[in-house]
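I opened this notebook page to record what I looked up, going from the overall build of the chain to its interior and then to a single loop residue.

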Amino acid sequence: MTGVPPPPPAPSGRTDGSPRPLTVLVGIYSRFLSWNIPAAEVAFLRREFPAHTFVQAKSDPETLRLIKDADVAFLGDLRPDQLAAAARLQWVHSPAAGLGGMLFPAMLHSPVVLTNSRGISAATIAEHVLAVTLAIFRKLPFAFRSQAAREWSQDAMLAPPPIRTISSSTVLVVGLGSIGAATAERMAALGARVTGIRRDLSRPLPKGVDTVLPPEQLLQALPLAGIVVLAAPQTAQTRGLIDTAALAAMRHDALLVNVSRGELVDEGALAAAVAAGTIGGAALDVFDTEPLPVESPLWAMPNVLITPHMSGFRPDHWAAVTALFAENLRRFEAGQSLLNPVDKAAGY
């Protein structure tokens, strides 16, 4: 991949052959409980790497204070003032795949190596895409409301618009990284015809994908798709990708599924398109502002399914993320190439 920074030099070893002690900052915290790294995972890292000092930050001020002495950082986010204070920092690993907030100008020009956790949640998110698509196609939200009201709603559920199937549907997957590829494979396994959008057309077709088009042909591809899945990274090129023009190009029965980042969609334009029947509906797991503000019209739309940014969570989520970081830390000790290097210029 062009623009990928080289791996850091091997830390200087001691006379007994053990790696030079490092200070590793762990700063994965959020007001949302699920996005906080469990204490057991930090304890695991301390057991696995007794030669290194692990310090943990649970707030932005703590990160700013502790990053000054850190050689390595395992961070959920990084701000410009924190990077500026990091005099010794060589490498940052993100527990997520998306890195939009970390790629500010100073980071782009910094020698600090950046890696991410892409691939960890690909299968989980792909299953989520199937789940929400089938839920809307089979009108399950309506069934849940009818069940709560103890109403036998067979006639209402079978009234137009008709119940639909993934089989024989045409699916457009925007972004064919690990998440997009996993989604395409599963959609094809259920009988869908899958077209992908990605920048590099020279790479082999992922399993289940019939055709790959460049981003410049998005507007030409949208009218052909009954299901549009957003799995592209957030970059300067993808921000606002689904705008008024894109929504106008979609089929009136098309379902938009966003499991990427909320910034890819103009939410005001989407709400207007759904209300006007320009598209058939949406399943949204990510939003421009999270939590989604209570005043958003998307909450009350019966053909919009909202989930609270949880499509990537699996039962062993934090264990898997920490294991990937641990493997990379072993490679860093040995001066080897790191897994999942990020092309900072490309944004992923």
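Before placing anything in a loop I fixed my terms: helices, of at least four residues, and strands, of at least two, are DSSP runs numbered from the N terminus. The model I am reading is a predicted one.

**Entry 1, the loop residue.** With those terms, I placed R138 in the loop between α5 (122-137) and α6 (140-148). Is R138 buried, partly exposed or exposed? Its relative accessible area came out at 42%, and since the partly exposed class lies between 20% and 50%, I entered R138 as partly exposed. I then looked up its partners beyond the neighbours within four places in sequence, and found R138 in contact with M157, I163 and R164. I also noted the separation from T124, which is 14 residues away from R138 in sequence and 21 Å away in space, C-alpha to C-alpha.

**Entry 2, the whole chain.** I listed 12 helices and 12 strands for the protein chain. The radius of gyration is 22 Å, close to the 20 Å that the globule rule gives for 348 residues, so I wrote the chain down as being as compact as a globular protein of that length. Taken along the principal axes, the box filled by the C-alpha atoms is roughly 75 × 45 × 35 Å. Of the contacts between residues at least 6 apart in sequence, 64% join residues at least 24 apart.

**Entry 3, surface and charge.** I read an accessible surface of about 16400 Å² for the protein chain, with 58% of it belonging to carbon and sulfur atoms. The chain carries 29 positive and 29 negative charges, and their mean positions lie 4 Å apart.

**Entry 4, the interior.** Buried residues account for 47% of the 348 residues. In soluble globular proteins, nonpolar side chains tend to be buried together, and I went on to look up the cores here. The largest nonpolar core has 33 residues, and L256 and L270 are those with the most contacts inside it. Which elements give two or more residues to this core? They are β6 (170-174), α9 (218-221), β9 (227-230), α10 (244-249), α11 (267-276) and β11 (281-284), and the largest share, five residues, comes from α11. Leaving aside its neighbours within four places in sequence, I found L270 in contact with L247, L256, V265, I279, A282, L284 and L298. A second, separate core has 26 residues, among them V132, A184, V194 and V229.

Methods: Residues numbered from 1 in each chain as written. Predicted model: local features only at pLDDT ≥ 70, side-chain atom pairs only at ≥ 80, totals over all residues. Heavy atoms only, no water. Core = buried A, V, L, I, M, F, W, Y, C linked by side-chain atoms within 4.5 Å. Buried < 20%, exposed > 50% of the residue type's maximum accessible area, 1.4 Å probe, protein only. Contact = heavy atoms within 4.5 Å. Rg over C-alpha atoms; globule rule 2.2 N^0.38 Å. Areas by Shrake-Rupley, 256 points an atom, 1.4 Å probe, with all protein chains shown as cover. Lys, Arg positive; Asp, Glu negative; His and termini not counted. Charge placed at Lys NZ, Arg CZ, Asp CG, Glu CD.
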